Amino acid sequence: MRVAVAVALALAARAGALDNGLGLTPQMGYSTWNDFRCDGLTADAVKRIADRIVELGLATLGYRYLNIDDCWSRELSPEGLLVEDPLAFPEGIAALVDYVHERGLLFGIYTCRGTRTCALRPGSKGLERHHAAQFAQWGVDYVKEDSCFASNEHEQAFSEYAAMRDALNSTGHPLFFSLCGWNTWYAPRGAQLANSWRIAPDCDEWANVYVAVRTNEALARFAGPGGWNDPDMLVGSHPDAAVQLTPRQVQTQFNLWAVMASPLLIGSSILRMPGSDLATYSNEEVIRINQDPLGVQGVPVWSSCPPFAPRDNWWMAPWTMPQDVARMWTRLLSTCLVAAAALIALLARALRFTRGAAPAVHGAHDPILLAPVATDGSTLADKAPSPALPRARAAIWRYCVSRGCLAAMLVLLALLSLPALAMLVAIHAMKPRAEPCQQVWVRPLEGGAAAICLVNFAPDVARIVCDAACLDQAGFPLGVHVRDVVARRDMGPVQSLDMDVPGDGGSFLFRVSPRD
Ligand code: GLA
């Protein structure tokens, strides 16, 4: 029943989808970002990767998009066009696109709706038509548009993404559009804007996988053929890639991405892919679940996890923080700077007046200047002859010690570091953590079947049971035929699923179908 409602809601939310005919199932491929970052991204490397994707049989399995991410471009030409890094791409992007196409793959490229990309390369703000035309002319098939150095105000973000969508449409060349805004608030508008939309921060450690999954729980109704929630790339286990998971976590991320109908973009070393990652990513039965033509995103039907409220991910790029947070932070920063400047002025004056002063002074003390004052009202510093440097230093030091200006300097240091510290504490407090809990996810599949994923986010092994009530929610009131698609093992008809699931990111993925 619950599943039928989910299907109806998903179909209703699809009305008015971006109509470029692409993304009928979630996109599959590879992205350079988690493999290279900006280091070593060259045409030669991309060509080797294209060859390897084919050799490993990944292309045949559906991994067709080879996407270059940030750091391919160097500058804007005087006409506003993107210019590739000439050392890394000496023959230009078009030649590379041809090479990739000749291997039977599709080519993806990256840009940003801001003035700069997240790695400070030129962005597409206001130049959408120019850049879309450029991509189409090069024969590019896929465009990812990031959100750095851009406003975090929702309507503005939507209209900037709409500008790129319209620019891509106007080229007449079919270009898959991947919107990368790292926030849930894109989901309700996602299908009108793009073929997929990032809903959560970068997935670059296990805790982020947890956050992406929990974030995606409430967004199932927005996904469907043509437009998908994107919880980010698959993280492999190769130690040379920029980020990695354990092999068990790699499998679990893959299982969850299958039940969540998420894009399958490998974000790890293709050239030196570990056997376990290759085995995981090559499992056709899991891929079949991910690519199910019904296109319904799964939902958790049972969970022991605490309530989860996704955050606004402005901290991914602090310069895009919401205006109220920016106002608070700049107020703190300016107060600290003004206080620090006042303190510096006081100290400077105090030290100037003590230049060459004798340590032992009889007389009053100027309460503001903190300088010794002679009985005629002038400071002794006024009368002292210009001293030799060492004497002056010794005097300043003695003055500091006796008058507590060391303490003042410490206060100064604290004032100067307070805003930076506040930012660090905020970022630390927001650092994602995986809760020690378990979930059961169900995804309805074509032909009345379903996928069921049992996942354990806790460090230790946990027993997870999907009993009759749980199966009922999946649309199977009685016994079902169960197949463990990871172990590729038929389990026959069962009344309930009752498994010991390993800790630290263990999971099972089953395909269930009604009893004959
Ligand atoms: C952001 C995106 C990543 C990647 C980098 C590139 O962090 O979320 O996927 O594209 O930018 O700088």
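Two strands count as paired where DSSP finds at least two bridges between them. The views below are taken from a predicted model.

**View 1. Pairing of strand 11 with strand 12.** Strand 11 (299–303) and strand 12 (residues 438–444) are joined by four bridges in the antiparallel sense. In one of the close contacts to look for, valine 299 has valine 442 of strand 12 as its bridge partner.

**View 2. The open sheet of six strands.** The strand order is 11-12-13-18-15-16, and the pairing is antiparallel. Strand 11 (299–303) and strand 16 (489–494) are the edge strands, each pairing on one side only. On average, and with direction ignored, neighbouring strands of this sheet are turned by 25° against each other.

**View 3. Helix 10 against the sheet strands.** Helix 10 (residues 247–259) lies across strand 12, strand 13 (450–456) and strand 18 (506–514). With respect to strand 18, helix 10 runs at about 35°. Strands 12, 13 and 18 follow one another in the sheet order 11-12-13-18-15-16.

**View 4. The largest pocket.** This pocket has a volume of about 320 Å³. It is lined by 21 residues, and Val211, Phe308, Arg311, Met430 and Pro432 are the closest to its centre. Helix 9 (residues 206–216) gives the largest share of the lining, three residues. By class, the lining holds 14 nonpolar, three polar and four charged residues.

**View 5. The second largest pocket.** The volume here is about 230 Å³. Of the 15 lining residues, those nearest the centre are Leu22, Gly23, Arg64, Tyr65 and Leu106. Eight residues of the lining are nonpolar, five are polar and two are charged.

**View 6. The largest cavity.** Two cavities of 30 Å³ or more are found in a search of the whole structure. The largest cavity has a volume of about 120 Å³. Strand 5 (106–112) and strand 6 (142–146) are the elements that give two or more residues to its lining. The lining consists of 15 residues, with Asp69, Tyr142, Lys144, Ser178 and Leu265 nearest the centre of the cavity. Divided by class, the lining of the largest cavity has seven nonpolar, three polar and five charged residues.

Definitions and conventions: Residues are numbered from 1 along each chain as its sequence is written. This is a predicted model: local features need pLDDT of at least 70, side-chain atom pairs count only at pLDDT 80 or more; totals for chains, interfaces and linings use all residues. Side-chain values use heavy atoms; hydrogens and water are left out. Axes are lines fitted to C-alpha atoms, for helices over the stretch in contact, and angles run from 0 to 180 degrees between N-to-C directions. Contact means heavy atoms within 4.5 Å. On a 1 Å grid over the protein atoms alone, a cavity is a set of points where a 1.4 Å probe fits but cannot get out, and a pocket is an open set with protein on both sides within 12 Å along at least five of seven lines; lining residues have an atom within 4 Å of a point. Grid points are joined across faces, edges and corners, and a volume is the space filled by probe spheres set on the points. Ala, Val, Leu, Ile, Met, Phe, Trp, Tyr, Cys and Pro count as nonpolar, Asp, Glu, Lys and Arg as charged, and the others, Gly among them, as polar.
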